[in-house]
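Visitor: I am new to this structure and would like a close look at a single part of it. Could you take me through the aromatic rings, and then show me what surrounds them?

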Amino acid sequence: MYKTSQKEGLSHFQIGGIHGWPFQQWETSGGTRPVGQWGGYCTHGSMLFPTWHRPYVATYEQTLQSHAVQIANTYTTPDKARWQNAALNLRLPYWDWASNAVPPSQVISDARVTITGPDGKQTPVANPLLAYPFNPLDPSVGLPYSQWPTTLRHPTSSRSNAQSNVKEMISDLQSDARSIRTNTYNLLTRVSTWPAFSNHTPGDGGSSSSSLEAIHDGIHGDVGAGGHMGDPFVAAFDPIFFLHHCNVDRILALWEALHPTTWVTSGPANGGTFTMAGNATETATTDLTPFWNGATTFWNSNACRDFEKSLNYTYPEFAGLSGQDANTVRAKIGAIVNQLYGASSRQTFAFAAAGAQGATGQSVAPAVEKILNAAPRTAAAPPAAMRLFATPAASPAATPAAAPAAGSQVHVQIAGGGDRQYNDWSARIHAKKFELSGSYSVLIFLGPVPTDPKEWRASPSYVGAHHVFANSRMEDCENCRRNSTENVEGFVSLNEAIAAHSGLNSFDPAVVEPYLKKELSWRVQKADRSAVDLSQLPSLQVVVVALPLHLHEGEIFPKTGTPVHHHGITEEYREWTARIRVNEYELGGSFSILIFLGEIPDDPAEWRSSPNYVGAHSAFVSVESGDRRNDPNAITEGFVSLNSAIASKPGLNSYDPKEVVPYLQRNLGWRIQKADRSPVDVSEVPSLQIVVIATPMRMREGEPFPEQCGDPKHHHEVTSGKPGGCYE
């Protein structure tokens, strides 16, 4: 496929281009619009996200298979028929990132692989799964992609000699392994409505679970970082894209089996696409353009629902289930889901049981350690983990490893017997998708956060992240611009981290809430792993949710209760300000009090451009006003907000006074300037009084602005003893 001209519709380049750039119609599907008015075909943030990608992956798969058939026909070995049969049964591999977060070396690091050639000889060839070599590289793709002759993952620079940083990619995937597995299990076992399952727009249906699209977004972020997979604009050129999306389709298939009566729900087009009107309503019969299934018709969601019959493939989990009734299929798929992804849930129930046994005050640390060590951390998967996309439905399929015997059911075993229940704690994250003009991640921590952003994801306090997968070229994407205020939603599960690090004996709110108030924090990173000041993402809202879970003896999955939003943990914070009072006539003209956090330049001309300059309070008076230096009515008051500056400084994890007060005592300073920018000694302004105030604030769900939720506290200890400091 790589050797097929990039001008051909069934080349790797053209099929990859359906997802974004080069913004042109594919195989005469849709009209013609210039770049800048191109809406794109892909249905991100849409009810059709899962089903649109099904014929997309099938298109690539069928093209790949056709090349395999042609190659097999050139074999001259005695077993040519075996190769021809293998080509007929070839299906696209999938990468099960929920079981094996790190792909095998044949996908991410081996520069060459050995194949059996048509003459039967073992032949080393360039690894086609490692990268796609553009031929030619079109400069219109723009920077940095126009600098890179091949696709890259975690690029080492934006220059033309950049390489993929495989070590960093593996580290990020390993750090997110538990989170990916837990999110996948929660999606399959808790989410029961199509809107909550299908896409990353807000609305989890009470499940406290990330959607399929949100989990999918995270894989793009972990694999791509600042490279191709991290940007929807060019993601599909990386060959790992189709291994990833093959597994996305597999997760859809598993969810279908677990929810046989639920399918595509009608919903808004959310800005539309190149071929779908922005104000349209999407349904199960909406055309999944540009994927033709006839001379004049396209695939739709209903047409590709039964993938075995309509698209002629299946997955190993469905081996031997063809023709079985829906309840039997659901029970067997449920058992497999528990075996593949349910270890964390079983560990958590065991922790809850251990906590109950230790409620009298006895430490449960040894039990917790044993529980959490029961499932090893995900490491690089062996080649066998790269299961084929299976075989045609008409052919025998391989039995999946550890599948239940025919007629049996596998249920969750509860430690100690009987029923168990506990609270499943998670951080729910809302933010505007395009607010940072590209992909970014919101990282959740429990405990100290390293000062170096490069160390964040490898930190033992790192819990997980919600990844936002956003186009970097909004100017070329009409539906991106139409959806510029679109919000996305995701969840980061906290229970495993609480059990591992807190020393607590239960998940009861009485003990968890104080712990999270103290330890929970978050950071924002762009796709290239550079840090983002929280003030640049004003739409960000993080709220902690506790979802009651009940596991009854004999049930396949836990049952959910009504989620409780603990807004006080994250949305109650302190607004730190420097209050300035001064007689505005003290200097016989206008002047300003400048506030700094950190070292202050010696040259007054550099004060306002210093990175440590926070803001100022200005006295605006006329030189003709007369002498009112002793007038008590001449005192003016102003405030300089400190929060954004505090958030941008390394070493601080929260707005808690225990951290902020010592920091401000060391770093808060001020200077005085006249209107002509000449400096003034503080002794010349004896009326000056500066005090730091912390005001409790909270952001209520659904409200546009925060509200004060307590009395302001004056921290005189920060400024007292300094010239101009308040001694009250």
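Guide: In this predicted model, the pairs formed between aromatic rings come to 34. One of them joins Trp-21 and Phe-237, whose ring centres lie 5.9 Å apart with the planes at 75 degrees, and because planes over 60 degrees apart count as edge-to-face, this pair is given that name. Trp-21 is found in the loop between helix H1 (12-17) and helix H2 (49-72), while Phe-237 is in the loop between helix H7 (212-224) and helix H8 (240-258), so the two rings tie together parts that stand 216 residues apart in sequence. Both partners are covered: Trp-21 counts as buried at 4% relative accessibility, and Phe-237 is buried as well, with a relative accessible area of 1%.

Other ring pairs join into a cluster, which links Trp-26, Trp-52, Tyr-56, Tyr-60, Phe-241, Phe-242 and Phe-291. A ring may also have a charge as its neighbour, as with Trp-83, where the charged end of Arg-82 sits over the ring at 5.3 Å from its centre.

Tyr-56, a member of that cluster, leads on to the largest nonpolar core, which has 73 residues and in which Tyr-56, Trp-97, Phe-318 and Ile-333 touch the most other members. At least two residues of this core come from each of several elements, including H2, H7, H8, strand S5 (287-292) and helix H10 (326-341), and the largest share, 13 residues, is supplied by H8. Ile-333 can be followed further: leaving aside residues up to four places away in sequence, Ile-333 touches Leu-254, Ala-257, Leu-258, Glu-317, Phe-318 and Leu-321. Another core, of 37 residues, lies apart from the largest one and has Phe-434, Ala-470, Leu-520 and Val-524 among its members. In soluble globular proteins, nonpolar side chains tend to be buried together.

To place these details within the whole, the chain has 728 residues, of which 55% count as buried, and its secondary structure comes to 19 helices and 24 strands. Among the contacts between residues at least 6 apart in sequence, 70% join residues at least 24 apart. At the surface, the chain exposes about 30,300 Å², and carbon and sulfur atoms supply 51% of that area.

Notes
Residues are numbered from 1 along each chain as its sequence is written. This is a predicted model: local features need pLDDT of at least 70, side-chain atom pairs count only at pLDDT 80 or more; totals for chains, interfaces and linings use all residues. Side-chain values use heavy atoms; hydrogens and water are left out. Rings of Phe, Tyr and Trp (its six-membered ring) pair if their centres lie within 6.5 Å; planes under 30 degrees apart count as stacked, over 60 as edge-to-face and the rest as tilted. Helices (H or I, at least four residues) and strands (E, at least two) are DSSP runs, numbered from the N terminus. Buried means under 20% relative accessible area, exposed over 50%, partly exposed in between (1.4 Å probe, protein chains only). A charge sits over a ring if NZ of Lys or CZ of Arg is within 6 Å of the ring centre and within 35 degrees of the ring normal. A nonpolar core is a set of buried Ala, Val, Leu, Ile, Met, Phe, Trp, Tyr and Cys residues joined through side-chain atoms within 4.5 Å. Contact means heavy atoms within 4.5 Å. Accessible areas come from the Shrake-Rupley method with a 1.4 Å probe; for residues, only the protein chains shown count as cover.
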